[in-house]
Amino acid sequence: MGERRKLRDDRSLVRVSTSSGIGNTPCFIYVLASFSALGGFLFGYDTGVVSGAMILLKKEMNLNAFWQELLVSSTVGAAALSALAGGYLNGVFGRRICILLASLVFSLGGVVLAWGPNKEVLLFGRLTVGLGIGITSMTVTVYIAEVSPSHLRGQLVTINTLFITGGQVVASLVDGAFSYLKHNGWRYMLGLSVIPAVLQFVGFLFLPESPRWLLQKGHTQKAQSVLKQIRCTDNVDEEYDTIKTSIEEEMRESGGGGPVIWRILTNPPARRALIVGCGLQMFQQLSGINTVMYYSATILQMAGVRDDKMAIWLAAGTAGTNFLFTLVGVWLVERVGRRKLTLGSIIGTALSLAVLAIAFLLSAQASPAVTFHPTDPSINATCTQYNFCEPCMLDPGCGFCYYENSTTVFDSSCVPVNPANTEVAVWGSCSNVTQQNSGMFWAYNYCPTSYSWLVLFGLILYLAFFAPGMGPMPWTVNSEIYPLWARSTGNACSAGVNWIFNVLVSLTFLHVAEYLTYYGAFFLYSGLALLGLIFIFSCLPETKGRRLEEIESLFESRLCICGNQGTGHAQYTRVNGGNIASDADASDDE
Ligand SMILES: O[C@H]1[C@H](O)[C@@H](O)[C@H](O)[C@@H](O)[C@H]1O
């Protein structure tokens, strides 16, 4: 079977070289990709905007910690569930209907959140938005991969992650701008997502279904006319035939009946692809991206930014850095390929996490002492017993109150935080915000440190390495490694894994930091990233430049053979804007 497929693959490589020249890429494909990637924008916006909205919301609606946590994580939890369900919806109704459905759900969620008269309605809105995010996160990449010509596929799918990070930047800018509007500012923050959602809905009323899905469902004529429409030429017979033949062959090989997930698990190439896809998504989250993003304001405060408003704007800078380096990924993905990009990225990610850990370790060792132990007999205060800032900061019930001149910290105390408003202490000199002009500071969640530059350097280094590879590649690779019959379900499972690990890592961060301290937590993430490196080095094959129909063959041999799968295939070189097949290695190692 491997031999037969190899012959077919080599044939189709030659076809690719003639049918998808780089010079004549129709711009319609960019329109399709951009409207689809609005889904990525909404994913980024809705997950990013909530931290700023919560600052206003908790005061206006008097939310306790439980409700704050619920409103933040309900969206991610709902996304995990709907990503899993999205596989079924995609298979039955197609990509276009799922994108339409998701944008409708996003719009509804946005309206509910902007109106939200009480916290229960807000919870409903956040759950609704989460349902939209889950479906979008697994559908958009599949759709873009299926409509793209193979030489542009990686770049176009990666644009979706660029839109995710773009959504996160816009969310932090909107948070910054509306944070000045103390009353109802959160309604604008949460409600503005309606605009891109409606735009995407209207756009997709006019955009076509994926030709691959149409063919799989037997709508042959429609599939052919859509292919002509998106390639802007009538000359699509070769591509059409290749897709059709491989779908027929896949149907025969996939082993007929039973639920798709069962067929994936019992079909060795599809099972291996699923392991690689889910593994990548798991390691993306285990390398701590959302902890770094979510706690960037705290990290920046440690790095010496004392003003709250300034910290909010600089957090937008963090999101902006993530966005800019994702752009580097879009540029690199078709040049260096997925495997090298992901490997380079995870090595740098592991190293920069170690730099962050060392920065936190040095900060902890140089932690300022508590010089003043105030007592209030009416309050049971374990806080006042701490002798250094470090243990005080790690206790969620306490904060560090201090004075600072240009070089030294003095008159410092550790006092209980006000549970209703963590910006002030319950009692003592930091209990009154208006006193904060007097050179006195209230540090909740961080300690003043002279290693601030190292913390900041670690943060930027982390984003510079993570964003081009580990950010987008798990999504990009997942959109291309499954055969058509397994694509929806495979992507649903891997997106579900992404969301589940997203919740796990962000919900456990503060507890992990409490038990292991900040530096322990970052050493842990660095170790997990190293495990990810071993996994990626061993199991991720290169998919660059191959047709979706050929990629299955990369998983025919044993999994985890150091990315050597398929070296016997023809590679193609670009000469003068065309793809020329060259027989790089004639030996058949399958
Ligand atoms: O690929 C994206 C991207 O890197 C985002 O910045 C991150 O917040 C998401 O969790 C991730 O899936």
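Which side chain meets that of R338 in a salt bridge? The partner is E334, with an N to O distance of 3.2 Å. This note concerns a predicted model, and the points below take up its salt bridges, its cysteines and one charged surface patch.

1. **The R338 and E334 pair.** Both residues of this salt bridge are on the buried side of the classification. R338 counts as buried because its relative accessibility is 0%, and E334 likewise counts as buried, at 7%. The contact does not stand by itself: salt bridges with shared partners join R153, E334, R338 and E480 into one network. R338 and E334 should therefore be read together with R153 and E480, since shared partners put the four residues in one network.

2. **Salt bridges in the whole structure.** A search of the complete model returns seven salt bridges. Among them is the pair of E146 and R95, whose closest N and O atoms are 2.8 Å apart. This pair links distant parts of the chain, with E146 in helix α6 (residues 119–147) and R95 in helix α5 (residues 95–115), 51 residues apart. E146 has a relative accessible area of 0% and is buried; R95, with 1%, is buried as well.

3. **The E239 and R231 pair.** Another salt bridge brings together the side chains of E239 and R231, at 2.9 Å from N to O. E239 is buried, its relative accessible area being 8%. R231 is also buried, with a value of 10%.

4. **Disulfide of C383 and C398.** The structure holds four disulfides. In one of them, the sulfur atoms of C383 and C398 lie 2.1 Å apart. The angle about the S-S bond is -80°, and the link is left-handed. C383 is placed in the loop between α18 (338–365) and α19 (389–394), while C398 belongs to strand β1 (residues 398–404), so the bond ties together parts that are 15 residues apart in sequence. Both C383 and C398 are buried.

5. **Disulfide of C389 and C447.** C389 is joined to C447 by a disulfide with an S to S distance of 2.0 Å. This link is left-handed, with -105° about the S-S bond. It connects distant parts of the chain: C389 sits in helix α19 and C447 in the loop between β3 (440–443) and α20 (452–466), a separation of 58 residues. C389 has a relative accessible area of 0% and is buried. C447, at 3%, is buried too.

6. **Disulfide of C392 and C414.** Here the sulfur atoms are 2.2 Å apart. The angle about the S-S bond is 95°, and the link of C392 and C414 is right-handed. Because C392 lies in helix α19 and C414 in strand β2 (residues 409–416), the pair ties together parts 22 residues apart in sequence. C392 is buried, with a relative accessible area of 0%, and C414 is buried with 1%.

7. **C278 and C493.** Why is the sulfur of C278 not bonded to that of C493? The sulfur of C493 is the closest cysteine sulfur to that of C278, yet the distance of 5.8 Å is too far for a bond; a disulfide requires two cysteine sulfur atoms within 2.5 Å. Seen from the other residue, C493 is in no disulfide, and its nearest cysteine sulfur is that of C278. Are these cysteines buried or exposed? C278 has a relative accessible area of 17% and is buried. C493, at 18% relative accessibility, also counts as buried. The cut-off matters to this reading, because buried means under 20% relative accessible area.

8. **A negative surface patch.** D234, D237, E238 and D241 form a negative patch on the surface. One of these residues, D241, is located in helix α12 (residues 237–253). D241 is partly exposed, since its relative accessible area is 42% and the partly exposed class lies between 20% and 50%.

Note on methods. Residues are numbered from 1 along each chain as its sequence is written. This is a predicted model: local features need pLDDT of at least 70, side-chain atom pairs count only at pLDDT 80 or more; totals for chains, interfaces and linings use all residues. Side-chain values use heavy atoms; hydrogens and water are left out. Helices (H or I, at least four residues) and strands (E, at least two) are DSSP runs, numbered from the N terminus. Buried means under 20% relative accessible area, exposed over 50%, partly exposed in between (1.4 Å probe, protein chains only). Patches are made of residues with over 30% relative accessible area and no salt bridge: like charges are joined within 9 Å, nonpolar side chains (Val, Leu, Ile, Met, Phe, Trp, Tyr) within 5 Å. Accessible areas come from the Shrake-Rupley method with a 1.4 Å probe; for residues, only the protein chains shown count as cover. Lys and Arg count as positive and Asp and Glu as negative; His and the chain ends are not counted. The place of a charge is taken as NZ of Lys, CZ of Arg, CG of Asp or CD of Glu.
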